[in-house]
Amino acid sequence: MADSAELCNRDENLNKATSVESDVALLKELKVTDNNGGDPGAQSSPPEDEEDGPVEDGAAVSTAAKKKKKKSKAKKKKDPLQQTDPPSIPVDELFPSGDFPEGEIQQYMDDNLWRTTSEEKRELERLQKPMYNSVRRAAEVHRQVRKYMRSIVKPGMLMIELCKTLENMVRKLIKENGLQAGIAFPTGCSLNWVAAHWTPNSGDKTVLQYDDVMKLDFGTHIDGRIVDCAFTVAFNPMFDPLLQATKDATNTGIKEAGIDARLCDVGAAIQEVMESYEVEINGKVFQVKSVRNLNGHSIGPYQIHAGKSVPIVKGGEQTKMEEGEFYAIETFGSTGKGFVREDLECSHYMKNFDVGHVPLRVAKAKQLLGTINNNFGTLAFCRRYLDRIGETKYLMALKNLCDVGIIQPYPPLCDVRGSYVSQFEHTILLRPTCKEVISRGDDY
């Protein structure tokens, strides 16, 4: 009995163990089915794949991280370049888009009012945009250089150092490049009764004084598109009315200028404003006079005086201004006679624009002409510029070029000694739809 009972117990235990094992196996099958997306026929991945999985996941994570970094870098926009003090960054790097600031816009009036909304005229302007950008780039250089120069000019400065500082800054900001970009003409820094065309020659020791009235007239160009702009510096406040007369007269000339405007009418308006001013100097009162034989002028590519003159007194030419023309509107107010003559040592020279072939017998003159053609073309230059590019012992050759009519000398223009002359000047463009004062800035 005992043996049979024991056998029965063993069978029962075996049956229980078998059922437990079968349950465990069933559970395992269910788990495998769940892991393979519910497909009982799917096989689990081999061990190698399981080992590769984490590596692939790591690569995916690192790729995602890189993309995030790139996105964050793209989001961080670079701050636009700011000009240094003193200015040293070329202006084309400050405006990487290639679009330079527009000058002051003045709308046409009366018979030309229709131009403002004319689609045909707007299309003409769109076609001229590259040229407009060239001259605006030159104007931006002028604005930045003169702003800096106004901040450093003071009594006691050597005039030659003042000019070199200004000219080197122009060269840097405009990225001087032969005849494609650079200085348009020598820096005029005429003092007191000297109205125009004076710049120090090498070795000049002239020093700027507190009671001086200095006309700072300099030009920039891109591809021959010239910006001609000038202002007057006076430290003594007694000269303020003289400076204000010239500034107001220049702004009047700009206002009166326009397509179909007669040059004589512009001159009459300038004179009326100029001569409405008086200035008291050392207890004596002077009426400010327009210098009657100095004028504004039209400007062409590589041609500072392009043929038309804008008078600053009444009674000038009946010629009209035309669409697309550039003009330098400049006025000179004087406490002297209001008439200038050539005087003092010459520093300014320029090759005649329309000169043809002229045979030269002097070898040095031929060599000097080649240097002038390569470095200045028909742009004005001075003796300091010839010294700078390595020319020596050239005065006789230069005189020979002047004598045969290839080069034109421009001596200083002076009113009577003891008088004071003030000047302001802007370059304007008579666009098809409006008038743009190219060189206008916050200063004047």
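This report walks through the fold, a helix pair, the empty spaces and a few backbone details of a predicted model.

## The chain as a whole

Let's start with the overall picture. The protein chain is built from 11 helices and 18 strands. Of its 444 residues, 46% count as buried. Contacts often reach far along the sequence: among those between residues at least 6 apart, 76% join residues at least 24 apart.

## Two helices that cross

Helix α5 covers residues 129-152 and helix α6 covers residues 159-174; their axes come within 10 Å and cross at roughly 145 degrees. The crossing of α5 and α6 is right-handed.

If you would like to find this contact in the viewer, look on the α5 side for R137, A138, V141, Q144, V145, Y148, M149 and I152, which meet L162, T165, L166, M169, V170, L173 and I174 of α6. Sorted by type, the residues of this contact divide into 12 nonpolar, 2 polar and 1 charged.

## A histidine in α5

H142 also has its place in helix α5. Is H142 buried or exposed? Its relative accessible area is 0%, so H142 counts as buried. Setting aside neighbours within four places in sequence, H142 is in contact with F218, T220, V227, C229 and Y444.

## The largest pocket

The largest pocket holds about 630 Å³ of space. Its lining is made up of 35 residues, and H197, H297, H305, E330 and Y410 are the ones that lie nearest the pocket centre. Several strands give two or more residues to this lining: β2 (181-191), β3 (194-196), β4 (213-222), β9 (296-299), β11 (326-334), β13 (348-351) and β15 (407-410).

Which element gives the most to the lining of the largest pocket? That is β2, with 4 residues. By type, the lining of the largest pocket divides into 16 nonpolar, 13 polar and 6 charged residues.

## An enclosed cavity

A search of the whole structure turns up 1 cavity of 30 Å³ or more, and about 30 Å³ of space lies in the largest cavity. The residues that line this cavity are K247, T250, N251, F424, H426, R440 and Y444. Y444 is thus a name to remember, as it is also listed among the contacts of H142.

Both α7 (240-256) and β17 (421-430) supply at least two residues of the cavity lining. The element that gives the most is α7, with 3 residues. The lining of the largest cavity divides into 2 nonpolar, 3 polar and 2 charged residues.

## Backbone details in the loops

Three loop positions are worth a look. The peptide bond from D85 to P86 is cis, with omega near 0 degrees. P86 has its place in the loop between α2 (47-75) and α3 (91-94).

The other two are lysines with positive phi. K175 is not a glycine, yet it has a phi of about 55 degrees; this residue lies in the loop between α6 and β2. K393, likewise a residue other than glycine, has a positive phi near 45 degrees and is found in the loop between α10 (383-388) and α11 (395-403).

How do these lysines stand with respect to the surface? K175 is partly exposed because its relative accessible area is 38%. K393 has a relative accessible area of 81%, and therefore counts as exposed.

Conventions
Residues numbered from 1 in each chain as written. Predicted model: local features only at pLDDT ≥ 70, side-chain atom pairs only at ≥ 80, totals over all residues. Heavy atoms only, no water. 1 Å grid on protein atoms, 1.4 Å probe; cavity = no way out; pocket = protein on both sides within 12 Å on 5 of 7 lines; lining within 4 Å. Points joined across faces, edges and corners; volume = space filled by probe spheres on them. Nonpolar A, V, L, I, M, F, W, Y, C, P; charged D, E, K, R; others polar. Axes fitted to C-alpha atoms, helices over the stretch in contact; angles between N-to-C directions. Left-handed = near helix turned anticlockwise from the far one by under 90°. Contact = heavy atoms within 4.5 Å. Buried < 20%, exposed > 50% of the residue type's maximum accessible area, 1.4 Å probe, protein only.
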